[in-house]
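Trainee: I'm new to reading structures, so please take me through this one step by step.

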Amino acid sequence: SLRVLYNAADLYVSPTMAEGFGLCLAEAIACGTPVVATDYSAVSEVVGPGGVLIPPRDFITNAYAHEWALVDEAAMSAAVERLISKPGERRSLGVAGRQHVARFSWTAAVEQFDRLLSQPAAIAA
């Protein structure tokens with residue numbers, strides 16, 4: 001299972017160009033595995049204090065007119081090298097990350113979505 005792999009890993013590295021939520025990121029963090037990822041879209045909200053966020057090097061517009069972030073390979077490599085050489089920092093990120101992602105749950109998501117749906121619609125003027 002993925003849980004076994006997340007728990008066996010020292011890091012989860014995600015040079016993602018864009019994420020809707022980043023469920024794999026949250027799963028890794030929930031296992032105490034720190035994340036190194038591109039700081040774009042929902043990634044920063046999901047990762048929080050559970051990893052290192054790398055600012056994008058640049059942006060491109062894909063064929064569907066959506067913006068994608070291009071990873072800064074040098075900065076991401078440096079972050080990975082640093083964390084591999086510092087197990088104490090990895091452990092600290094793992095602990096902070098687990099506490100952070102504990103606030104995400106399907107129940108909380110449903111409750112928030114339900115609140116949005118039950119609000120009266122704004123009337124356009």
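Trainee: Which residue in the hairpin of β4 and β5 takes a positive phi?

Mentor: Strands here are DSSP runs of E with at least two residues, helices are runs of H or I with at least four, and both are numbered from the N terminus. The hairpin has five residues between its strands. With a positive phi near 65°, the residue you want is Ala65.

Trainee: What pLDDT do side-chain atom pairs need in order to count?

Mentor: Residues are numbered from 1 along each chain as its sequence is written, and side-chain values use heavy atoms, leaving out hydrogens and water. This is a predicted model, in which totals for chains, interfaces and linings use all residues, local features need pLDDT of at least 70, and side-chain atom pairs count only at pLDDT 80 or more.

Trainee: Over how many bridges do β4 and β5 pair?

Mentor: Two strands pair if DSSP finds at least two bridges between them. One bridge joins Ile60 to Trp68 in β5. β5 covers residues 67–70, and its pairing with β4 is antiparallel, with a bridge count of four.

Trainee: How many disulfides are there?

Mentor: A disulfide needs two cysteine sulfur atoms within 2.5 Å. For Cys24 the closest cysteine sulfur is in Cys31, and at 11 Å that is too far for a bond. By this rule, the count is zero.

Trainee: Is Cys31 buried or exposed?

Mentor: Relative accessible area decides this: under 20% is buried, over 50% is exposed, and in between is partly exposed (1.4 Å probe, protein chains only). Cys24, at 36%, is partly exposed. Cys31 has 19% relative accessibility, so this residue counts as buried.

Trainee: Which residues does Cys31 touch?

Mentor: Cys31 sits in the loop between α2 (23–30) and β2 (35–38). Its C-alpha atom is 5.8 Å from that of Asn7, a residue 24 places away along the chain. Contact means heavy atoms within 4.5 Å. Leaving out residues up to four places away in sequence, Cys31 touches Arg3, Tyr6, Asn7 and Arg98.

Trainee: How many residues apart are Arg90 and Asp10?

Mentor: The two form a salt bridge, with their closest N and O atoms 3.9 Å apart. The pair links distant parts of the chain, Arg90 being in helix α5 (residues 87–101) and Asp10 in the loop between α1 (2–8) and β1 (12–14), and the separation in residues is 80.

Trainee: How many salt bridges does the structure hold?

Mentor: The rule asks for a side-chain nitrogen of Lys or Arg within 4 Å of a carboxyl oxygen of Asp or Glu. Glu73 and Arg57 are one such pair, with closest N and O atoms 3.8 Å apart. Arg82 and Glu89 are another, at 2.9 Å. The total is three.

Trainee: What is the relative accessibility of Arg90?

Mentor: Its partner Asp10 is partly exposed, with a relative accessible area of 44%. Arg90 counts as buried, and its relative accessibility is 14%.

Trainee: How many residues of α6 are buried?

Mentor: The expected span of a helix is 1.5 Å times one less than its number of residues. For the 13 residues of α6 (residues 106–118) that should be 18 Å, and the end C-alpha atoms are 18 Å apart, which agrees. The helix is hardly covered, and its count of buried residues is zero.
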